[in-house]
Amino acid sequence: MELLQSGLKLRQLQVFRQVLRTGSTRQAAAALGISQPAVSQHVKQLEAALGIALFERSTNRIIPSRKAWELLRNVEIALTSMDRLEASIFAIKNDEKQRIAIAAPAVFGFVTLPKVVATRAFHVLTEAYPAFSK
């Protein structure tokens, strides 16, 4: 999946993240189930698409640059969002109910919040089943 006009691809970001997580292209390849040359190719394509060097290369090693670590923070956020989006799409396709989380101070959690939820639930129920309110 191409993400931007620059040619940046989702798979390149996934491979990049795995290289930084595992510390090597060989271990990233094993974790992703692809070959080490494929990992190296994705990393090179990502660097070309971004126009920046993310790794310093030495004999049989690549060392992440400061820019790579900076980019990783945003890549993690983006990929986590994509994972959530994928889960949401799956839930919609399978007509699953979504959970919501409500954060509130304890004083509201014991008194006010249950009343609000009960009132809203009652309204939803009476809209769906008008005979219920009679």
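**Close-ups of a predicted model**

The residues lining the largest pocket split into two nonpolar, seven polar and four charged. Keep in mind throughout that this is a predicted model.

**View 1. A look into the largest pocket.** This pocket has a volume of about 280 Å³. There are 13 residues in its lining, and Thr25, Gln36, Asn60, Arg61 and Ile62 are the closest to the centre. Two or more lining residues come from each of these elements: helix α2 (25-32), helix α3 (36-50), strand β1 (55-58) and strand β2 (61-64). Helix α3 makes the largest contribution to the lining of the largest pocket, with four residues. As for how such a space gets found, rolling a probe the size of a water molecule over the atoms shows where empty space is left.

**View 2. Asn60, in the loop between two strands.** Zoom in on Asn60 and you are in the loop between β1 and β2. Its phi is near 60°, which is a positive value in a residue that isn't glycine. For background, most residues other than glycine have a negative phi. Asn60 counts as exposed because its relative accessibility is 78%, where the cut-off for exposed is over 50%. You have met this residue already: Asn60 is one of the residues closest to the centre of the largest pocket.

**View 3. Two arginines and one glutamate, joined up.** By the rule used here, the model has four salt bridges, and this view shows two that share a partner, Glu76. Arg17 and Glu76 meet through their side chains in a salt bridge, at 3.6 Å from N to O. Arg17 sits in helix α1 (residues 10-22) and Glu76 in helix α4 (residues 66-93), so this pair ties together parts that are 59 residues apart in sequence. The side chain of Arg21 also meets that of Glu76 in a salt bridge, here at 3.3 Å from N to O. Arg21 is in helix α1 too, so its pairing with Glu76 in helix α4 links parts 55 residues apart in sequence. Are these side chains buried or exposed, taking Arg17 to start with? Arg17 counts as buried, because its relative accessibility is 13%, and under 20% is what buried requires. Glu76, with 22% relative accessibility, counts as partly exposed.

**View 4. A salt bridge within helix α4.** Here Glu70 pairs with Arg66 in a salt bridge, and the closest N and O atoms are 2.3 Å apart. Both residues belong to helix α4, where they are four residues apart, or about one turn of the helix. Glu70 counts as partly exposed, at 34% relative accessibility, while Arg66 reaches 58% and counts as exposed. Back in the previous view, by contrast, salt bridges with shared partners join Arg17, Arg21 and Glu76 into one network.

**View 5. Gln18 and Ala31.** Gln18 is another residue of helix α1. Gln18 counts as buried, given its relative accessibility of 15%. Which distance should you look for in this view? It's the one between the C-alpha atoms of Gln18 and Ala31, which is 7.7 Å for two residues 13 apart along the chain.

**View 6. A nonpolar patch on the surface.** Which residues make up this patch? They are Ile100, Ile102 and Val117, and together they have about 320 Å² of accessible area. Val117 belongs to helix α5 (residues 106-128). Val117 has 44% relative accessibility, so it counts as partly exposed; that class runs between the 20% and 50% cut-offs.

**View 7. Leu113 and Ala103.** We stay with helix α5, which also holds Leu113. Leu113 counts as partly exposed, at 23% relative accessibility. Between the C-alpha atoms of Leu113 and Ala103 the separation is 9.9 Å, and the two residues are ten apart along the chain.

Technical notes. Residues are numbered from 1 along each chain as its sequence is written. This is a predicted model: local features need pLDDT of at least 70, side-chain atom pairs count only at pLDDT 80 or more; totals for chains, interfaces and linings use all residues. Side-chain values use heavy atoms; hydrogens and water are left out. Patches are made of residues with over 30% relative accessible area and no salt bridge: like charges are joined within 9 Å, nonpolar side chains (Val, Leu, Ile, Met, Phe, Trp, Tyr) within 5 Å. Accessible areas come from the Shrake-Rupley method with a 1.4 Å probe; for residues, only the protein chains shown count as cover. Buried means under 20% relative accessible area, exposed over 50%, partly exposed in between (1.4 Å probe, protein chains only). On a 1 Å grid over the protein atoms alone, a cavity is a set of points where a 1.4 Å probe fits but cannot get out, and a pocket is an open set with protein on both sides within 12 Å along at least five of seven lines; lining residues have an atom within 4 Å of a point. Grid points are joined across faces, edges and corners, and a volume is the space filled by probe spheres set on the points. Ala, Val, Leu, Ile, Met, Phe, Trp, Tyr, Cys and Pro count as nonpolar, Asp, Glu, Lys and Arg as charged, and the others, Gly among them, as polar.
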